[in-house]
Amino acid sequence: MAAIELSEEDLLCPQCSGIYCLPVLLQCGHNICRVCLHKFWEWKGRRECPVCGVESVFGRPPINLELKIAADEYQVQMSGRNQEVCVLHKERLKIFCLNDEEPICLVCQTSRQHRVHECFPVEEAAQQKKKEISVQVESLRKKLKVLNKTKEQWEETKNYIKTQADQNEKVIKEEFEKFHRFLLEEENTRLKVLRQEEEIKTQVMCEKLELIKSQIKSLSSLIGDIERVLRVKDLPFLQDSNAVIISTCFRFKCNVQEPECIRDILINSSKHLGLLKFGIWKKMASIVKYVPVTLDPNTAQSNLKLSEELTCMQYSSRQLLPDNPERCTNRLCVLGATGFISGKHSWTVDVGQGKDWYIGVALQSVKRKSAVFLNPAEGFWVIGRCNGDSFWAETSPRTKLVMKQEPQRITVELDCDRGKVVFINADNLTPIHTFKDRFKERIYPYISSGLSEEGRNFNPLTICPLNIIVHVE
């Protein structure tokens, strides 16, 4: 319902002389504020109109909706007008006081309160304020952009965590499948040996049983013959006794033998069950590899591909990996999964025929996103081969290494307590270079692969496994 157009006098309550607040329409046609009407009725003790005195005999007077809407709109308009007018001087607010941070009128500007204050026209002050707010809004927009970018990165990280978990699960299942297959084959082999022994010894016992059964039969037959002779009458028995006795003794001595004492005929349980678990575990050493250092895929540059056992790295096509804080993006490198803070540690890297590589150690705090020099001042103690024709120790300045034999396997020996990093040619055990320094924080193995002239280096760098020896004390 649209509001009616009324003058200010039409919007004044006849009882309180103020703008109507919830005006109600009486039967006589007069309007009055509902609160004013109830107060008047309580004071008067009768339900009559405060204007004309006509008594209202029906129930609660209805609200005059059109008059209420008009009164509300007028209140809003008056509120806006009052905001533009000085409360003290009833003048337009045209000046803004910078000291008090409030709009004032021209009279206020010349008053004692604002006379020495810094004042500007409202339009100029508003523009300046808007400009300052715009700068702040721009800063907030930048922060919002950062937050949105971070949100996208975190969503990618969340998805990559699922991918990582699936990949790890696949590798774990494959490795356990190898163990299952090994154990099943070992079980079948051992059961086959057991059954072969059972078959051979059962066959021996069958042959022995057949022989003794034959002897039992012969002896039983002889005993039967003798018993029949013994049942013959005395005279015939005596007349033929010599022949019978001689025949009986001869047959008995020739055919009846003492039972054989069969040794080692039972299953050799000690061979099959003795140290069964230890024997299986010892044999498993042939399929198990141990490396002193494993690589951390969460630090690997996105162009590096690691083997499933995390012992070998190789240049490959770029992978979609999250740019987490640990990841190295400034070089084609990867760090070890375990850092060292004390003690002696060593590992050997197979560099093969690689033409461009760096190996050594690096501090945990090294810069991983920006370009750095590979020297001790930046937290690196490494040696490397550059462009396939020279070897360098990354000191400051660099030190060229002269070697009679080109190394294919290099051992890194780290002594955290003495602050030494020693590089040794593992093929002939000759020292290559030694760094001496103080390590004040955790230090990690460092491996970096460079690019060949063709743009790719297909030669992998591998952490060499150690020999596993089962020793019993």
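## Strands, pockets and a few unusual backbone spots

Strand 10 (residues 357-363) and strand 17 (residues 443-449) run antiparallel and are joined by seven bridges. That pairing is a good place to start in this predicted model, since Ala 362 finds its bridge partner in strand 17 at Tyr 444. From here, the tour takes in the sheet, a hairpin, some backbone details, and then the pockets and cavity.

**The six-stranded sheet**

- Strands 10 and 17 belong to an open sheet of six strands, ordered 8-17-10-11-12-13, with antiparallel pairing.
- At the edges sit strand 8 (333-335) and strand 13, each of which pairs on one side only.
- From one strand to the next, the twist averages 20°.
- As a general reminder, strands of a sheet pair through backbone hydrogen bonds, in either a parallel or an antiparallel way.

**The hairpin of strands 15 and 16**

- Strand 15 (residues 420-425) runs antiparallel to strand 16 (residues 430-436), and six bridges join the two.
- Within this pairing, Ile 424 has Pro 431 of strand 16 as its bridge partner.
- Four residues lie between the strands of the hairpin, where Leu 429 adopts a positive phi near 60°.

**Backbone details worth a look**

- The peptide bond between Ser 396 and Pro 397 is cis, with omega near 0°.
- You will find Pro 397 in the loop between strand 12 (390-393) and strand 13 (399-401).
- Ser 17 is a residue other than glycine with a positive phi, near 65°.
- Ser 17 belongs to the segment before strand 1 (23-25), and its relative accessible area of 55% makes it exposed.
- Leu 275, also not a glycine, has a positive phi of about 50°.
- Leu 275 is placed in the loop between helix 7 (269-273) and helix 8 (276-284).
- Because its relative accessible area is 66%, Leu 275 counts as exposed.

**The largest pocket**

- The volume of the largest pocket is about 610 Å³.
- Its lining has 19 residues, and those closest to its centre are Gln 167, Asn 168, Pro 297, Leu 306 and Leu 310.
- Helix 4 (122-230) and strand 6 (304-306) each contribute at least two lining residues to the largest pocket.
- Helix 4 provides the largest share of that lining, with eight residues.
- By class, the lining of the largest pocket comprises nine nonpolar, six polar and four charged residues.

**The second largest pocket**

- The second largest pocket has about 470 Å³ of volume.
- It is lined by 17 residues, of which Glu 175, Ile 287, Val 288, Lys 289 and Glu 309 are the closest to its centre.
- Helix 4 appears here too: helix 4 and strand 18 (461-463) each supply at least two residues of the lining of the second largest pocket.
- With four residues, helix 4 gives the most to this lining.
- Nine nonpolar, three polar and five charged residues make up the lining of the second largest pocket.

**The cavity**

- Searching the whole structure turns up one cavity of 30 Å³ or more.
- The largest cavity holds about 40 Å³ of space.
- Cys 328, Asn 330, Cys 333, Val 366, Lys 367, Arg 368, Phe 380 and Tyr 446 line the largest cavity.
- Among these lining residues, five are nonpolar, one is polar and two are charged.
- Two of the cavity's lining residues tie back to the sheet: Cys 333 and Tyr 446 line the largest cavity, while the range of strand 8 is 333-335 and that of strand 17 is 443-449.

How values were computed
Residues are numbered from 1 along each chain as its sequence is written. This is a predicted model: local features need pLDDT of at least 70, side-chain atom pairs count only at pLDDT 80 or more; totals for chains, interfaces and linings use all residues. Side-chain values use heavy atoms; hydrogens and water are left out. Two strands pair if DSSP finds at least two bridges between them. Buried means under 20% relative accessible area, exposed over 50%, partly exposed in between (1.4 Å probe, protein chains only). On a 1 Å grid over the protein atoms alone, a cavity is a set of points where a 1.4 Å probe fits but cannot get out, and a pocket is an open set with protein on both sides within 12 Å along at least five of seven lines; lining residues have an atom within 4 Å of a point. Grid points are joined across faces, edges and corners, and a volume is the space filled by probe spheres set on the points. Ala, Val, Leu, Ile, Met, Phe, Trp, Tyr, Cys and Pro count as nonpolar, Asp, Glu, Lys and Arg as charged, and the others, Gly among them, as polar. Axes are lines fitted to C-alpha atoms, for helices over the stretch in contact, and angles run from 0 to 180 degrees between N-to-C directions.
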